[in-house]
Amino acid sequence: MSEQRTIPGYTLLRPLGRGNTSLVHLAAADDGRFVALKVPHEQTLRDQEAAERFGNEVRLTLQFRHPHLVQGFAGKPFGTNAFLALRYYPHGDLNKKLESLPGARRLQEAEALRILADVASALTHLHHLGAVHQDVKPHNVYVHEGRAALGDMGSTYFTAQGGKVSGSPYYMAPEIYHGESSSTASDVYSLGILMYELLSGSRPYTGHSYEELMVAHLTRFPQPLAHLNSNVDRRVSRLAEQALSKRSAERPTADELRRAMLQALGETPEDEVYDEPPEPAAEEAPPTRKVGRHGPAPAAEPAGAAGPAALAQAPEKSNRWNPFKRRK
Ligand SMILES: Nc1ncnc2c1ncn2[C@@H]1O[C@H](COP(=O)(O)OP(=O)(O)OP(=O)(O)O)[C@@H](O)[C@H]1O
């Protein structure tokens, strides 16, 4: 069973949680460090699209460095020993935290603003690098001592290179429901939903099915945040509403949201500092594929294309591995 696999260099201590793609264990690395060790399910390794998604998460998590992105220490993108060693968050993800709150899923105002500012900071960084996260939601936010980090790079892609459109129905922007490309503005929409959720205690759009949620995102308008929580800073409330604009061009940037949240916390926002040069442009920029976890099934892999096993053998800098490159 995948759950029993051993990963050289780590001692598995106990399971932390199970997702669709992987089982996550608390593990001790040989250097003594505790990590959250993600090990893909056997099923994930057998399914080409799922395996590539895991490989994508490993590569990008190890590539990005930012105080508000979950840090990756080591990993192997493909093969039977595939894994990803991440910074361990003892309290788990933000969704768990919200579920454990008595009564409404509502945090203290300052705590919510700090988490949101940190997530906006992570998105500002990714967007600066030309990347779109595509899965901003409480399940993918980790909090320790009041500070948040955004995780799960499985669906992340560089816009210059294209990627599969994806998202989670409660947080997905109207253009994605329409089958259009995602963009940095789609991440801002998801962040807008998260702002509503954390600052009002409930999501702006609910539904019992994908279709109900789609209708809500495409046709309804949320109540002003200030009506749901009169304590919310006016500018934050207005920007949250703008972040949920049906038209992506009318949404603010992640950096505008970050600045507004910090100002609401009584701070003077500083510019984000970028140590990392932006990713060099791809030699070829294929159009975004309009498929994904919530879209139509992707086209079958043509014979002869490099599969996960072949890609696992590829050297780090080889042109053979590029999760965003369109396979002909
Ligand atoms: N760095 C971490 N520290 C502590 N717990 C973690 C960490 N990463 C993941 N977990 C826990 O493990 C569980 C599964 O993680 P996650 O949802 O990322 O799995 P996944 O299978 O990769 O995701 P998906 O379901 O989106 O494919 C979650 O409940 C989460 O709380």
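Start by selecting residues 10–265: the C-alpha atoms at the two ends of this span lie 41 Å apart, and the span is 41% helix and 18% strand. As you look around, keep in mind that this is a predicted model. The span also carries a label, since the UniProt record (an unreviewed entry) places the feature "domain: Protein kinase" at residues 10–265.

**Next stop: the ligand**

Now click on the ligand and show what lies around it. You should find 21 residues surrounding the ligand, and the closest are Gly-17, Gly-19, Thr-21, Val-24 and Ala-36. To see which elements give two or more residues to this shell, colour the strands β1 (10–18), β2 (22–29), β3 (34–40) and β5 (83–87). Linger on β1, which gives the most to the shell, with three residues. If you colour the shell by class, eight residues are nonpolar, seven are polar and six are charged.

**Last stop: a pair of helices**

Select helix α9 (residues 234–243) together with helix α10 (residues 254–264). Their axes are 9 Å apart, and the two helices pack at an angle of about 160°. Angles over 145 degrees count as roughly antiparallel, so α9 is roughly antiparallel to α10. Their crossing is left-handed.

Finally, show the side chains where they meet. From α9, pick Arg-235, Val-236, Leu-239 and Ala-243; from α10, pick Glu-256, Leu-257, Ala-260, Met-261 and Ala-264. What classes make up this contact? Seven of its residues are nonpolar, two are charged and none is polar.

Note on methods: Residues are numbered from 1 along each chain as its sequence is written. This is a predicted model: local features need pLDDT of at least 70, side-chain atom pairs count only at pLDDT 80 or more; totals for chains, interfaces and linings use all residues. A residue is near a molecule or strand if its C-beta atom, placed from the backbone, lies within 6 Å of it. Helices (H or I, at least four residues) and strands (E, at least two) are DSSP runs, numbered from the N terminus. Ala, Val, Leu, Ile, Met, Phe, Trp, Tyr, Cys and Pro count as nonpolar, Asp, Glu, Lys and Arg as charged, and the others, Gly among them, as polar. Axes are lines fitted to C-alpha atoms, for helices over the stretch in contact, and angles run from 0 to 180 degrees between N-to-C directions. Angles under 35 degrees count as roughly parallel, over 145 as roughly antiparallel, 65 to 115 as roughly perpendicular and the rest as oblique. A crossing is left-handed if the near helix is turned anticlockwise from the far one by less than a right angle, and right-handed if clockwise. Two residues are in contact if their C-beta atoms, placed from the backbone, lie within 7 Å. UniProt positions are given in the numbering used here, feature names are shortened, and annotations may be inferred rather than shown by experiment.
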